[in-house]
Amino acid sequence: MIKEIKSYEKIEQYDTEITEALADNYKVIIENLGEDVTREGLQKTPERAAKAMQYLTHGYGLDPLEILKSAMFTEDHKQMIVVKDIEVYSMCEHHMLPFFGKAHVAYIPNGKIVGLSKIPRVVDAFARRMQVQERLTDQIKNCIQEALNPFGVAVVIEAQHMCMQMRGIQKQNSVTTTSSFTGAFEKDKTRKEFISLVSNKLS
């Protein structure tokens, strides 16, 4: 028996009014760059770019604090919890070019833990905005500190910035590292333990 193959259908949900406004602006930009927006390869580019930009900045519609509060549990664990190598994709607010890399997040519970998947979700909620890496690092830290009131929070982000690699100084191998700490992680011993855990690969 041969089953009928249905045609491919892609379902997307975007604000129609915002999409149209952004697409109109992208059309003008493309034309001002000297391109013919009516040629085949560019006819749908303004709309595609409008939708892409909405996706890349969808963090504005998310509440990171509520993400954490949705999965908090009472637990007596008082040792360090580390979620490392979290993929980060964000948008430099200075040149509107991507920066990407990894985030390493740790906290020491003070009676409350959070579902592990919520940590990467918080990273995404802040990253999917117009950002600078320094602020992104602090926002993740502050959000976890406010929601859980742990004994300490540590956040380290390592990222490559397209505004440094494909324009400007054009240093393709440069990596920017930012860090932010609260509480117990401000002590040298605890901080070193965290750095050791995120630096080493467990066998």
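In the predicted model, Lys118 is buried, because its relative accessible area is 18%, and burial here means a value under 20%. Lys118 lies in helix α4, which covers residues 118-127. Beyond its neighbours up to four places away in sequence, Lys118 touches Ile67, Leu68, Ser70 and Ala71. Pro150, by contrast, is 32 residues from Lys118 in sequence, and the two C-alpha atoms are 15 Å apart in space.

The burial of Lys118 is shared by other residues of the helix to which it belongs. The buried residues of α4 are Lys118, Ile119, Val122, Val123, Ala125, Phe126 and Ala127. Because seven of the ten residues of α4 are buried, the helix is largely enclosed by the rest of the structure. The elements that cover these buried residues include the helices α3 (64-69) and α5 (133-148). Strands also take part in this covering, among them β2, β3 (98-108), β4 (112-114) and β5 (130-131).

Strand β2 also holds Cys92, one of the residues annotated in the sequence record. An unreviewed UniProt entry gives the annotation "binding site" to Cys92, His95 and Cys163. These residues span 72 residues in sequence, yet no two of their C-alpha atoms are more than 7.7 Å apart, so they gather at one spot. Cys92 is buried, with a relative accessible area of 6%. Apart from neighbours within four places in sequence, Cys92 is in contact with Leu97, Phe99, Met130, Gln131 and Cys163. His95 is placed in the loop between β2 and β3 and counts as partly exposed, at 38% relative accessibility. With neighbours up to four places away again left out, His95 touches Cys163 and Arg167. Cys163 is thus a contact of Cys92 and also a contact of His95. The same unreviewed entry type lists residues 25-198 in UniProt as "domain: GTP cyclohydrolase I". Over residues 25-198, the chain is 39% helix and 27% strand, and the C-alpha atoms at the two ends are 43 Å apart.

The largest pocket of the model contains about 330 Å³ of space. Its lining is made up of Leu22, Asn25, Tyr26, Ile29, Ala49, Ala52, Met53, Gln54, Leu56, Thr57, Met96 and Met130. Helices α1 (16-32) and α2 (45-56) each supply at least two of the lining residues, and α2 gives the most, with five. By class, nine of the lining residues are nonpolar and three are polar, while none is charged. Met130, part of this lining, is also in contact with Cys92.

Gln54, another residue of the pocket lining, is found in helix α2. Gln54 is buried, with a relative accessible area of 14%. The side chains of Gln54 and Thr19 are joined by a polar contact of 2.8 Å. When residues up to four places away in sequence are not counted, Gln54 touches Tyr14, Asp15, Ile18, Thr19 and Leu22. Leu22, in turn, is itself one of the residues that line the largest pocket.

A contrast to these buried positions is given by Gln79, which is exposed, with a relative accessible area of 53%. Gln79 is found in the loop between β1 (72-74) and β2 (81-92). Leaving aside neighbours within four places in sequence, Gln79 is in contact with Tyr107, Ile108 and Pro109. The C-alpha atoms of Gln79 and Asn110 are separated by 9.5 Å, although the two residues are 31 residues apart along the chain.

Methods. Residues numbered from 1 in each chain as written. Predicted model: local features only at pLDDT ≥ 70, side-chain atom pairs only at ≥ 80, totals over all residues. Heavy atoms only, no water. 1 Å grid on protein atoms, 1.4 Å probe; cavity = no way out; pocket = protein on both sides within 12 Å on 5 of 7 lines; lining within 4 Å. Points joined across faces, edges and corners; volume = space filled by probe spheres on them. Helix = DSSP H or I, 4+ residues; strand = E, 2+ residues; numbered from the N terminus. Nonpolar A, V, L, I, M, F, W, Y, C, P; charged D, E, K, R; others polar. UniProt positions renumbered as here; feature names shortened; annotations may be inferred. Buried < 20%, exposed > 50% of the residue type's maximum accessible area, 1.4 Å probe, protein only. Polar contact = N/O pair within 3.5 Å; in protein donor to acceptor, adjacent residues only side chain to side chain. Contact = heavy atoms within 4.5 Å.
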